[in-house]
Amino acid sequence: MALFNSSTRKVPDTGAIPKHIAIIMDGNGRWAKRRLMPRIEGHRRGVEAVRAAIRDCAEKGVEYLTLFAFSSENWRRPEEEVSLLMQLFVMALEREVVKLHENEIRFRVIGDLSRFEPRLQQLIRDGERLTANNTRLTLTIAANYGGRWDIMQAANRLLAERPDCAQGFKEEDLAPYLSMAYAPEPDLFIRTGGEQRISNFLLWQLAYSELYFTETLWPDFNTQALEAAIASYQNRERRFGRTSEQLKEHA
Ligand code: IPE
Ligand code: IPE
Ligand code: MG
């Protein structure tokens, strides 16, 4: 069951490569602005950085990579930017899904897909189906995703399917209904672009993740930047409520 995958039950070895990395890819607009380019050019370069991050994570043996591509609040952006972002998403799927499959990468999307155009929804479903049995790396794209939406949809589905839970339920009851029930919780969370907030990304799942913030703008996030984030993670001590001495006793 998902919760028992939870990294908070036993203390993992932070000296190792994180199993699951979750990233808020921020700073595309500022990257473009600094170069006097339109914001969409920053998003285009952002797609290049995504490609590199997937390759690097696969090579390093990271098992789950989760990328925040579009939040449930991003619909508030100017219509033109939203529409160009959707086009970019469609183009990236058309071009990249086959390559993901060739590289044994499982592709998943989390978020409320109902608001996307039928064509985009279809590409997502086809990509998920094609890559479903791949085991090298699971790439999850969070699109029209919000952490509160996730918890609410999980609670609603749980109550619809398990009327016995109406009197009260436990974490273990809810966990299988969360949209990332197939993955362990992120070990390492990265946000690029200098902002230090969660912006309604994975709220439940980040409970005990190590947080890493960098000024680097997403289009500039390269192998070195990823290695710096992993090195920072490897220097942390994950206690999950215990004391430092307890950890040493069990080491
Ligand atoms: C992140 O970059 C990408 C999306 C939210 C789609 P931004 O577009 O937020 O870039 P900044 O924060 O304006 O620089
Ligand atoms: C968060 O980025 C969402 C994504 C990266 C997709 P934003 O740039 O939209 O976040 P806020 O609104 O500034 O917090
Ligand atoms: Mg931003």
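**Figure 1. Polar contacts of ligand 2 with protein side chains.** An oxygen atom of ligand 2 is placed 3.3 Å from an N or O atom in the side chain of Arg191. The model shown in this and the following views is predicted. A polar side-chain atom of Arg197 is found 2.7 Å from an oxygen atom of ligand 2. For Asn74, the corresponding separation between a polar side-chain atom and an oxygen atom of ligand 2 is 2.8 Å. Ligand 2 taken alone exposes 390 Å², and the protein buries 79% of that area.

**Figure 2. The residue shell around ligand 2.** The surrounding residues are Ile24, Met25, Asp26, Phe68, Ala69, Phe70, Ser71, Asn74, Arg77, Arg191, Arg197 and Ser199. Strand E2, which spans residues 64-71, gives the most to this shell, with 4 residues. Sorted by class, the shell around ligand 2 comprises 5 nonpolar, 3 polar and 4 charged residues. Two of the side chains from the preceding view, those of Arg191 and Arg197, belong to this shell.

**Figure 3. Polar contacts of ligand 1 with backbone and side-chain atoms.** Backbone contacts are shown for Asn28 and Gly29. A polar backbone atom of Asn28 lies 3.1 Å from an oxygen atom of ligand 1, and a polar backbone atom of Gly29 lies 2.9 Å from an oxygen atom of ligand 1. Arg30 contributes through its side chain, a polar atom of which is 2.7 Å from an oxygen atom of ligand 1. Of the 380 Å² that ligand 1 exposes when taken alone, the protein buries 87%.

**Figure 4. The residue shell around ligand 1.** Ligand 1 is enclosed by Met25, Asp26, Gly27, Asn28, Gly29, Arg30, Arg39, His43, Ala69, Asn74, Arg77 and Leu85. Helix H2 (28-34) and helix H3 (39-60) each provide at least two residues of this shell. The largest share, 3 residues, comes from H2. The class composition of the shell around ligand 1 is 3 nonpolar, 5 polar and 4 charged residues.

**Figure 5. The largest pocket and the two ligands.** Ligand 1 sits in the largest pocket, and the space taken by ligand 2 is likewise the largest pocket. The volume of this pocket is about 1200 Å³. Its lining consists of 47 residues, of which Met25, Asn28, Val50, Phe68 and Ala69 lie nearest the pocket centre. Met25 and Ala69 also appear in the shell of ligand 1 and in that of ligand 2.

**Figure 6. Secondary-structure elements and residue classes in the pocket lining.** Helices H2, H3 and H4 (79-102), together with strands E2 (64-71), E3 (105-110) and E4 (137-145), each supply at least two residues of the lining of the largest pocket. By class, this lining divides into 23 nonpolar, 9 polar and 15 charged residues. Among the contributing elements, H2 and H3 also supply residues to the shell around ligand 1, while E2 supplies residues to the shell around ligand 2.

Technical notes: Residues numbered from 1 in each chain as written. Chains lettered and ligands numbered in written order. Predicted model: local features only at pLDDT ≥ 70, side-chain atom pairs only at ≥ 80, totals over all residues. Heavy atoms only, no water. Near = heavy atom within 4 Å. Polar contact = N/O pair within 3.5 Å; in protein donor to acceptor, adjacent residues only side chain to side chain. Areas by Shrake-Rupley, 256 points an atom, 1.4 Å probe, with all protein chains shown as cover. 1 Å grid on protein atoms, 1.4 Å probe; cavity = no way out; pocket = protein on both sides within 12 Å on 5 of 7 lines; lining within 4 Å. Sits in = over half its atoms within 2 Å of the grid points. Nonpolar A, V, L, I, M, F, W, Y, C, P; charged D, E, K, R; others polar. Points joined across faces, edges and corners; volume = space filled by probe spheres on them.
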